[in-house]
Amino acid sequence: MTERTLTIREMCDTYDVTPRTLRFYEAKELLFPIREGQKRLFTKRDRARLKLILRGKRFGFSLEEIRQLLDLYHMGDQQQTQLARTYDIARDRLADMVSQRDELTEAINDLKAQLKWGEKMLASMNTPQKAAE
C-alpha cells in the first residue's frame, strides 16, 4: 500500500465530520475504507468520494442520488455519463432552490407587511384618546 491512508480521526479532522457520519456513509456503501480489525483506513479514493458526498449534501442531493452518481464513475466513458447525470440532477436541484428562495422571499415580504400593520395597530391603541378624558 504505497498511497497515504487516513485514519477515521484524521478524516474527521480534515473534513469536519463525525466518526458516526463516516460509519453511516460506509454502511450506505458510499465509502469503502480498508478494514484492519476495528481500524478503518481511508484511501485517496475515499477522500475524493467524501468530498463529492459533502458537496452533494450541501446542494440538497439525496444520498441515493449521490450513491448513483458515484457508481457511474466506472462506466468506462471518461465520466461522460456521470457528468451528464450530475448536470441533470444539479439543474433540477437549482430550479428547486430558486423556487424555494422565491417562496421564502414572498413569505418574508408578507411577514414584514404584517409586522408593519401590527406596529400601526399597537401604536394607535397606545395613543391617549381625547374622548376618554
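Which side chains meet in a salt bridge at 2.4 Å, N to O? They are those of E64 and R67. This report starts from that pair and then turns to other features. The model is predicted, not solved by experiment.

**Salt bridges**

The structure holds 8 salt bridges, and three of them are set out in the table.

| Salt bridge | Distance, N to O |
|---|---|
| E64 and R67 | 2.4 Å |
| D88 and R91 | 3.4 Å |
| D102 and R101 | 3.6 Å |

E64 and R67 both belong to helix α4, which covers residues 63-71. They stand 3 residues apart, about one turn of the helix. E64 has a relative accessible area of 38%, so E64 counts as partly exposed. R67 is also given a place between buried and exposed: with 23% relative accessibility, R67 is partly exposed.

D88 and R91 lie in helix α5, again 3 residues apart, and about one helical turn separates them. The relative accessible area of D88 is 29%, which makes D88 partly exposed. R91, with a relative accessible area of 44%, is partly exposed.

The third bridge in the table joins D102 to R101. D102 has 41% relative accessibility and is therefore partly exposed. Elsewhere, salt bridges that share partners link E26, R35 and R40 into one network.

**The aromatic pair**

How many aromatic pairs are there? The count comes to 1. The pair is made by F24 and Y25, whose ring centres are 6.0 Å apart. Why is the pair called tilted? The planes of the two rings meet at 55°, and planes under 30 degrees apart would count as stacked, while those over 60 would count as edge-to-face. The angle falls under neither heading, so the pair is tilted.

Is Y25 buried or exposed? Y25 has 8% relative accessibility; buried means under 20%, so Y25 is buried. F24, in contrast, has 39% relative accessibility and counts as partly exposed.

**A nonpolar patch on the surface**

W117, M121, L122 and M125 make a nonpolar surface patch of about 460 Å². One of these residues, M121, lies in helix α5, which spans residues 80-126. With 32% relative accessibility, M121 counts as partly exposed.

**The largest pocket**

What is the volume of the largest pocket? The volume is about 360 Å³. The lining is made up of 15 residues, and those closest to the centre of the pocket are L52, R55, F61, L69 and T86.

Three helices, α3 (44-58), α4 and α5, each supply at least two residues of this lining. Which helix gives the most? That helix is α5, with 7 residues. Helix α5 thus appears in several parts of this report: D88 and R91 lie in α5, as does M121.

**Backbone angles in two loops**

E29 is not a glycine, yet E29 has a positive phi of about 60°. E29 is found in the loop between α2 (19-27) and β2 (34-36). Q79 is another residue other than glycine with a positive phi, here near 65°. Where is Q79 placed? Q79 is in the loop between α4 and α5. The relative accessible area of Q79 is 25%, so Q79 is partly exposed.

**Residues separated in sequence**

The last two pairs are described by a separation along the chain and a distance in space. D71 and L30 are 41 residues apart along the chain, and their C-alpha atoms are separated by 8.9 Å. D71 has its place in helix α4, the helix that also holds E64 and R67. At 40% relative accessibility, D71 counts as partly exposed.

P19 and R9 are 10 residues apart in sequence, and the distance between them is 7.2 Å, C-alpha to C-alpha. P19 is placed in helix α2. P19 has a relative accessible area of 23%, and this value makes P19 partly exposed.

Conventions: Residues are numbered from 1 along each chain as its sequence is written. This is a predicted model: local features need pLDDT of at least 70, side-chain atom pairs count only at pLDDT 80 or more; totals for chains, interfaces and linings use all residues. Side-chain values use heavy atoms; hydrogens and water are left out. Rings of Phe, Tyr and Trp (its six-membered ring) pair if their centres lie within 6.5 Å; planes under 30 degrees apart count as stacked, over 60 as edge-to-face and the rest as tilted. Buried means under 20% relative accessible area, exposed over 50%, partly exposed in between (1.4 Å probe, protein chains only). Patches are made of residues with over 30% relative accessible area and no salt bridge: like charges are joined within 9 Å, nonpolar side chains (Val, Leu, Ile, Met, Phe, Trp, Tyr) within 5 Å. Accessible areas come from the Shrake-Rupley method with a 1.4 Å probe; for residues, only the protein chains shown count as cover. A salt bridge is a side-chain nitrogen of Lys or Arg within 4 Å of a carboxyl oxygen of Asp or Glu. Helices (H or I, at least four residues) and strands (E, at least two) are DSSP runs, numbered from the N terminus. On a 1 Å grid over the protein atoms alone, a cavity is a set of points where a 1.4 Å probe fits but cannot get out, and a pocket is an open set with protein on both sides within 12 Å along at least five of seven lines; lining residues have an atom within 4 Å of a point. Grid points are joined across faces, edges and corners, and a volume is the space filled by probe spheres set on the points.
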